Amino acid sequence: MTPSTEGIPSTTIFYENVLAYANARGLKLEPRFCDIPSNEFVRPDLKKVVNFIEGGLSQNSPIAFLNLCNGEEDNLEEWHWVTIVSLEWSGRGERALVDIYDMGLIKKADLSLWYKTTTLGGGFVYFTPVNKISKQHPQKQICD
């Protein structure tokens, strides 16, 4: 996927480009996305975000993670996409850690810290084959 002059600043632009590529090759994919708005008062709660990520990982789908502002999490670069490859979630739901693949390296990031301190937000995207998901919510955000 070739970024525009402004990069790929939204989950919608990301998944639309992936779908165009997949359709051109005869693949039928269904995007699932979870946007994290800059306004912390309208964000889905962290548990719903974690459930979204767990849903993708449980289907062996890597999760594309758009970080527009890393807040206090130093292991993320702002205005940057990375791939979440694993998740650790505490039993009480206070802390979520993710392993991300970024520039050839696996890094650990505190997702809960990012979620609490990002000022621009971001989002998450994964894909499933059309025949493996419910048709109830095609192309709909599923973490709110």
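Trainee: A salt bridge here is a side-chain nitrogen of Lys or Arg within 4 Å of a carboxyl oxygen of Asp or Glu. Which residues are linked in a network of salt bridges?

Mentor: Glu 88, Asp 99 and Lys 108. Keep in mind that this is a predicted model.

Trainee: How far apart are the closest N and O atoms of Asp 99 and Lys 108?

Mentor: They are 2.9 Å apart. That falls within the 4 Å cut-off, so the pair counts as a salt bridge.

Trainee: Buried or exposed, where does Asp 99 fall?

Mentor: Asp 99 is buried, with a relative accessible area of 17%. Its partner Lys 108 is partly exposed at 36%.

Trainee: How many salt bridges does a search of the whole structure find?

Mentor: The search turns up 4. One of them joins Arg 95 and Asp 110, at 3.2 Å from N to O.

Trainee: What does the pair of Arg 95 and Asp 110 tie together?

Mentor: Arg 95 sits in the loop between strand S3 (80-89) and strand S4 (96-102), while Asp 110 belongs to strand S5 (residues 105-110). The pair therefore ties together parts that are 15 residues apart in sequence.

Trainee: And what is the relative accessible area of Arg 95?

Mentor: It is 45%, so Arg 95 is partly exposed. Asp 110 counts as buried, at 13%.

Trainee: Which residue does Lys 107 pair with?

Mentor: Asp 102, with the closest N and O atoms 3.4 Å apart. Asp 102 is buried at 4% relative accessibility. Lys 107 has 23% and is partly exposed.

Trainee: Why does Lys 107 count as partly exposed?

Mentor: Because buried means under 20% relative accessible area and exposed means over 50%. Lys 107, at 23%, is in between.

Trainee: New topic. What volume does the largest pocket have?

Mentor: About 160 Å³.

Trainee: Which residues line the largest pocket?

Mentor: From the N-terminal end, the lining starts with Phe 14. Then come Ser 61, Pro 62, Ile 63 and Ala 64. Trp 81, Val 82 and Thr 83 follow, and Val 125, Tyr 126 and Phe 127 complete the list.

Trainee: Which strands each supply at least two residues of that lining?

Mentor: Strand S2 (63-67), S3 and strand S6 (122-129).

Trainee: How many residues of the lining are charged?

Mentor: None. The lining has 9 nonpolar and 2 polar residues.

Trainee: What about the surface? Which residues form a nonpolar patch there?

Mentor: Val 85, Tyr 101 and Ile 106. Together they have about 290 Å² of accessible area.

Trainee: Where is Val 85 found?

Mentor: In strand S3. Val 85 is partly exposed, with a relative accessible area of 40%.

Trainee: What separates the C-alpha atoms of Ile 100 and Val 85?

Mentor: The gap is 5.8 Å, and the two residues are 15 residues apart along the chain. Ile 100 is in strand S4. Unlike partly exposed Val 85, Ile 100 is buried at 0% relative accessibility.

Trainee: Zoom out for me. How many helices and strands are there in the chain?

Mentor: There are 3 helices and 6 strands. Along the sequence, they run α-β-α-β-β-β-β-α-β.

Trainee: Last one. What percentage of the chain do buried residues make up?

Mentor: 43% of the 144 residues. Among the buried ones are Asp 102 and Ile 100.

Key
Residues numbered from 1 in each chain as written. Predicted model: local features only at pLDDT ≥ 70, side-chain atom pairs only at ≥ 80, totals over all residues. Heavy atoms only, no water. Helix = DSSP H or I, 4+ residues; strand = E, 2+ residues; numbered from the N terminus. Buried < 20%, exposed > 50% of the residue type's maximum accessible area, 1.4 Å probe, protein only. 1 Å grid on protein atoms, 1.4 Å probe; cavity = no way out; pocket = protein on both sides within 12 Å on 5 of 7 lines; lining within 4 Å. Points joined across faces, edges and corners; volume = space filled by probe spheres on them. Nonpolar A, V, L, I, M, F, W, Y, C, P; charged D, E, K, R; others polar. Patch = residues over 30% accessible without salt bridge, like charges linked within 9 Å, V, L, I, M, F, W, Y side chains within 5 Å. Areas by Shrake-Rupley, 256 points an atom, 1.4 Å probe, with all protein chains shown as cover.
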